[in-house]
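Dear colleague,

I am passing on the structure below, and I would be grateful if you could look through it alongside the notes that follow.

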Amino acid sequence: MSPSVYRGAQAWAIPIVLLAVWETSTRAGLLDPRFFPVLSDILVTAVDQLVNGRLGLDLVLTLQRLMMAFALAAVLGVAIGVASGRWRTVELLIRPITDTLYPLPKIALLPLFIIIFGRGEGAYVITAFATGFFQIIISTRGSVRDVPSDLIEAGRNFGATGTRFFTRLLFPAIAPGLLNGLRLGMATCLITLVAAEFVGAEYGLGAMIRRAGQQFAVEEVYAGIVLAGVLGLLINLAFRLVTPIVLPWQRPAQRAAGGQKV
Amino acid sequence: MSVQAKAKVRLNDVAKKFPGQENVTALEGVSLEVAESEFVSIVGPSGCGKSTLLRLVAGLYEPSSGTVEIESSKPDRPKTAMVFQEHALFPWLSVRENVMFGPRNRNMPKKEAAEIADEQLARLGLARFGDFFPHQLSGGMKQRVGIARALAQDAEVLLMDEPLGALDAQTRTLLQEQILELRQQTKPTVLYITHAIDEAVFLSDRIVLMSARPGRIRDIVQLDFGPDRSPELRGTSEFAALSQDIWNHLRDEVQLAMAVDDR
């Protein structure tokens, strides 16, 4: 087994064992099927609902809201995060706001947003955005602060001033922390979005789980949960794929001629 | 002081205070001239403001009072290029790109900048390592890349902030000899900060001794070994006597600084 296959097997070992245990124990009737349906039945239900039911629309709407909320949160969050990490005045101005609103569960704002924006897309997108936005501000600010001062001094001494300070020094320097912050920001957007849909929306993964729950359609509830989980997994996978492309210097020795350390 | 060469760096009654809770006065009444192609070391106890002094010359800090002037020989020539104690290489750039960083920021075409970078890397024995990333190099090699990056700037003044402070003794000795060689080849104007008295004696034309906080110039020692010294200088009795003499000067200040720290 090559090392990468071996590592892949390690990463998937526990999930695969758990899923196998679920499948066999439910089939054997060890667990109450009213609460724990057979795993393969859940998957069949999910596929059936995607193809024939409303689930396809639910999924597309959730994805669409997620993308809008995240894009907005990323652009504004990074801009404000960089500004407040870099300039003391900005930091002092926004600190009271971030300190107050960051810990506030954004789902609590949903009723307000529904009053303001109506029961359209706006309220759900804004609620999800608000979660990721503050998360991204805070992680970006932290990354900017963590740039070693001698690196900043070196950048300035070697002529990275004006806009070059940002393009050639600051953004490359914070890139690892920034990517990680965006990943977490997108995941928290998803959390709040599904919750917001659960509470108020007509369509969307959260709404679908609520509907199914009200009808005691346990397999559909699980299908919704599985899909939400898969979305979260895809977010992480996407960032894991992008990271080595954006941060090639973090890759081990491959790029170097000769390869070995001297 | 060398009268024949004109002053390249001129510090005039410079003071630097850092406002804040402690209101630290890092430097006070510092006046110093460094002549063209002169190698001046600054030695003093920890916290005597050596690094602050270097950053004032680099323009990274503004003096609280007094002036810092650097004579320009060409309008577009960078005034200073700095070598940092902890190398401060850009981890996202290859070794070559690190060295090209300064020239590229002056809008030099990529090809030309790469040629300059390769030339400087070769000078420091790093010709093979242009495509490596900094994290793939040893401490001594990173420090040499830092030196190559500064040399590629061809700045008016080379500022070196304890460049060998983080290295093991043998690497340090080797790099001292490499810096001496650079000195002889390119005759740069250098302000060099170090803790190591023997290093200062080995490399410098003059050694500036600083007092504990607030940093003042306590004494300046002129050395007459000339630029064409050899590594064997270290073994001479003259070298040992001078190092001892400077340590005698400095001992009180270091003790004072320690007493301040212990308070």
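Chain A has a mean pLDDT (the predictor's confidence in each residue, from 0 to 100) of 89, with 95% of its residues at 70 or more, while chain B also averages 89, with 96% of the residues scoring at least 70. This is a predicted model, in which local features need pLDDT of at least 70 and side-chain atom pairs count only at pLDDT 80 or more, whereas totals for chains, interfaces and linings use all residues. Residues are numbered from 1 along each chain as its sequence is written, and chains are lettered from A and ligands numbered from 1 in the order in which they are written. For the complex, the predictor gives an ipTM of 0.90 and a pTM of 0.85.

Please take care with residues 253-262 of chain A, where pLDDT stays under 50. Where pLDDT is low, the predicted coordinates should not be read in detail.

Turning to the contact between the chains, 18 residues come from chain A and 21 residues from chain B (two residues are in contact if their C-beta atoms, placed from the backbone, lie within 7 Å). On the side of chain A that touches chain B, helix 7 (149-157) and helix 8 are the elements that give two or more residues (helices being DSSP runs of H or I, at least four residues, numbered from the N terminus). The largest share of that side, six residues, is from helix 7 of chain A.

With kind regards
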